[in-house]
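Open the model in your viewer and keep the sequence panel visible. The stops below are given in the order in which to select them.

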Amino acid sequence: GIFAALGVDKIRLTGGEPTVHPELVSIVSGLSHTPGIQSVTMTTNGVLLQELAEPLKAAGLQRVNISLDSNDPDEFNRIARRDAHEKVWKGILAAEKAGLTPVKLNAVIVRGHNDETLLDMAAMTLDHPWYIRFIEMMPFGGATEFQLHQVVTSHEVMERIESEFGKLIPENDGKLDGEAMVFKIPNSLGTLGFISSVTAPFCSLCTRTRLTSDGKLRLCLLREDEVDLLTPLRAGATDEDLRRLIVDNIWVKPWGHGLADGEVPVNRTMSEIGG
């Protein structure tokens, strides 16, 4: 409610994995009925979506982003480290049937791991009205040097797709749609998005902030700066106290990440922030 009063009108639930939360449907309902909130969406691995798509839609969820790093079942299961492809596929179809559209599929392309299946991913847009987004891998706490060397750039992904399907057609007048440049394969039903967080950052257009599951306000995905909101909340802070804390810190939100200068966040993994 405090964020909405400050002008935030879009909420995205991420993870970890939000669908494992036992109160997810009621949380979505509460968010969607908060005055000022116009959009409630969710990023999910899709494993439980077959059962949850209809209840979530009824609760007010509008769209889903589903992680799908490969559409080859064996490759997907290897990356996911479990036999989950069939469940995710059924979850995608359930989301489409429930009206959580346009269905967005997120693929982080990693050299030597799933880059050989990206053409099959792109080809899904020929027959499905889905929005498939290719994302450059961002380095996070852990083997960051390895991560930086495994990046497949958006430019390379586009070149490989165009070599197979022909010149891509720009959408949205060639402007960013959120964080993605959007294109279509000629005569396709769906669209392709390219998120170039590493090679062509869009920091100057970023209006996002993140509230972590342990109550920290993270000002930039790729910076370690965080503000503790949970401790003052539990200590009895008023709404005005929290509003001032949020405003004062949003004012110093970083202008951009520091990857070009070798600054890599290591205090959290991506699964702790949600992307």
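Select N172 in this predicted model. N172 sits in the loop that runs between strand 6 (169–170) and strand 7 (176–177). Its phi is near 55°, a positive value in a residue other than glycine. Most residues other than glycine have a negative phi, and most peptide bonds are trans. Now look at the surface around N172: the residue is partly exposed, with a relative accessible area of 40%.

Go next to R81, in the loop between helix 4 (73–80) and helix 5. R81 is not a glycine either, yet its phi is positive, at about 60°. How does R81 count at 77% relative accessibility, buried or exposed? R81 counts as exposed, because the cut-off for that class is over 50%.

Two peptide bonds come next. Select G15 and G16: the bond joining them is cis, with omega about -10°. G16 belongs to the loop between strand 1 (10–13) and helix 2 (24–32). Then select T101 and P102, where the peptide bond is also cis and omega is near -5°. P102 is placed in the loop between helix 5 and strand 4 (104–109).

Turn now to the aromatic rings. A search of the whole structure finds 3 aromatic pairs. For one of the pairs, select W89 and W130: the ring centres are 5.5 Å apart and the planes meet at 75°, so the pair is edge-to-face. W89 is in helix 5 (residues 85–98), whereas W130 is in the loop between helix 6 (118–127) and strand 5 (131–136). The pair links distant parts of the chain, with the two positions 41 residues apart. Which of the two is buried, and which is partly exposed? W130 is buried, with a relative accessible area of 1%, while W89 is partly exposed at 24%.

Stay close in sequence and select Y131 and R133. The charged end of R133 sits over the ring of Y131, 5.9 Å from the ring centre.

Then select F134, F183 and F194, which form one aromatic cluster. Keep F194 selected and show its contacts: leaving aside residues up to four places away in sequence, F194 touches F134, S154, V157, M158, I161, L168, E179, A180, M181 and F183.

Finish in the interior. In soluble globular proteins, nonpolar side chains tend to be buried together. The largest nonpolar core here has 45 residues. Select I66, L105, F134, I161, L192 and F194, the residues with the most contacts inside that core.

Key. Residues are numbered from 1 along each chain as its sequence is written. This is a predicted model: local features need pLDDT of at least 70, side-chain atom pairs count only at pLDDT 80 or more; totals for chains, interfaces and linings use all residues. Side-chain values use heavy atoms; hydrogens and water are left out. Rings of Phe, Tyr and Trp (its six-membered ring) pair if their centres lie within 6.5 Å; planes under 30 degrees apart count as stacked, over 60 as edge-to-face and the rest as tilted. Helices (H or I, at least four residues) and strands (E, at least two) are DSSP runs, numbered from the N terminus. Buried means under 20% relative accessible area, exposed over 50%, partly exposed in between (1.4 Å probe, protein chains only). A charge sits over a ring if NZ of Lys or CZ of Arg is within 6 Å of the ring centre and within 35 degrees of the ring normal. A nonpolar core is a set of buried Ala, Val, Leu, Ile, Met, Phe, Trp, Tyr and Cys residues joined through side-chain atoms within 4.5 Å. Contact means heavy atoms within 4.5 Å.
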